[in-house]
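The exercises below are worked step by step. Keep the sequence and the model in view while reading.

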Amino acid sequence: IAAEANLRLGNAGAAQTAFASAIFNNMKKLGVDSATSAAYILAHGVLPAANADAIDSVAKQAYIALFLNPEAWTTWRRTNSPVLIPVAGSNGVARRFVYPQTEYFRNAGNVPSATLWSPKLFWDN
């Protein structure tokens, strides 16, 4: 988050520091040895010069670090990165949760009519 925020504020140096630090600290938390972490950071830990590409790199690494955590889905919805390919025959990758049946039963007057998985929310990219 710090890397993305610094990129959006135009602080490329601070973004690079936060980006490499986040990758290293996540790998440390997972028990990855220092040599492997250093090699990974050397290969993937330098942000591209273009701001959009740099935000894409930050989002991809966040998605990797947060995999199986619901926050990875939130990061994807906010940045559209990484590119997710929907399962064949599906309605696409879910962009919102479907309202539960209890909401229709107890609060039908306040449930929006557009409750499919695919319509984007007002802030969604």
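**Exercise 1. Which residues of helix α1 (residues 2-9) are buried?**

Before starting, note that this is a predicted model, in which local features need pLDDT of at least 70 and side-chain atom pairs count only at pLDDT 80 or more, while totals for chains, interfaces and linings use all residues. Residues are numbered from 1 along each chain as its sequence is written, and side-chain values use heavy atoms, with hydrogens and water left out.

Step 1. Fix the terms. Helices (H or I, at least four residues) and strands (E, at least two) are DSSP runs, numbered from the N terminus. Buried means under 20% relative accessible area, exposed means over 50%, and partly exposed lies in between (1.4 Å probe, protein chains only).

Step 2. Read off the residues: in α1, the buried ones are A3, E4, N6 and L7.

Step 3. Look down the axis of α1. The buried residues fall within an arc of 165 degrees, so they line one face of the helix. The arc is taken from the directions from the helix axis to the C-beta atoms.

Step 4. Find the cover. The buried residues of α1 are covered by elements that include α2 (12-29), α4 (51-65) and α5 (70-79). Contact here means heavy atoms within 4.5 Å.

Step 5. Go to the end of the helix. After α1 comes G10, with a positive phi near 85 degrees.

**Exercise 2. Find the residues of the largest nonpolar core and the elements that supply them.**

Step 1. Define the core: a set of buried Ala, Val, Leu, Ile, Met, Phe, Trp, Tyr and Cys residues joined through side-chain atoms within 4.5 Å.

Step 2. List the members. The largest such core has 11 residues, namely A3, L7, A15, F19, I23, M27, I41, L47, A54, I55 and V58.

Step 3. Assign them to elements. Two or more core residues come from each of α1, α2 and α4. The biggest share, four residues, belongs to α2.

Step 4. Compare with the general trend: in soluble globular proteins, nonpolar side chains tend to be buried together.

Step 5. Examine one member. Leaving out residues up to four places away in sequence, F19 touches A3, H44, G45, V46, L47, S57, V58 and Q61.

**Exercise 3. Trace the salt bridges and say which parts they join.**

Step 1. Apply the rule: a side-chain nitrogen of Lys or Arg within 4 Å of a carboxyl oxygen of Asp or Glu. The count comes to three salt bridges.

Step 2. Start with E4. Its bridge to R8 has closest N and O atoms 2.9 Å apart. Both residues are in α1, four residues apart, which is about one turn of the helix.

Step 3. Take the pair R78 and E4, whose side chains meet at 2.5 Å, N to O. R78 lies in α5 and E4 in α1, so this bridge ties together parts that are 74 residues apart in sequence.

Step 4. Combine the two: E4, R8 and R78 are linked in a network of salt bridges.

Step 5. Check accessibility. E4 counts as buried because its relative accessibility is 8%, whereas R78, at 26%, counts as partly exposed.

Step 6. Add the pair D56 and K60, with closest N and O atoms 3.2 Å apart. These residues are four apart in helix α4, separated by about one helical turn. D56 is partly exposed at 27%, and K60 is partly exposed at 37%.

**Exercise 4. Identify the unusual backbone values in the loops.**

Step 1. Recall the background: most residues other than glycine have a negative phi, and most peptide bonds are trans.

Step 2. Check L68. This residue has a positive phi near 75 degrees and is found in the loop between α4 and α5. With a relative accessible area of 77%, L68 is exposed.

Step 3. Check N80. Its phi is also positive, near 60 degrees, and N80 is found in the loop between α5 and α6. N80 is partly exposed, at 32%.

Step 4. Check the peptide bonds. A cis bond joins S81 and P82, with omega about 0 degrees. P82 lies in the loop between α5 and α6 (101-107).
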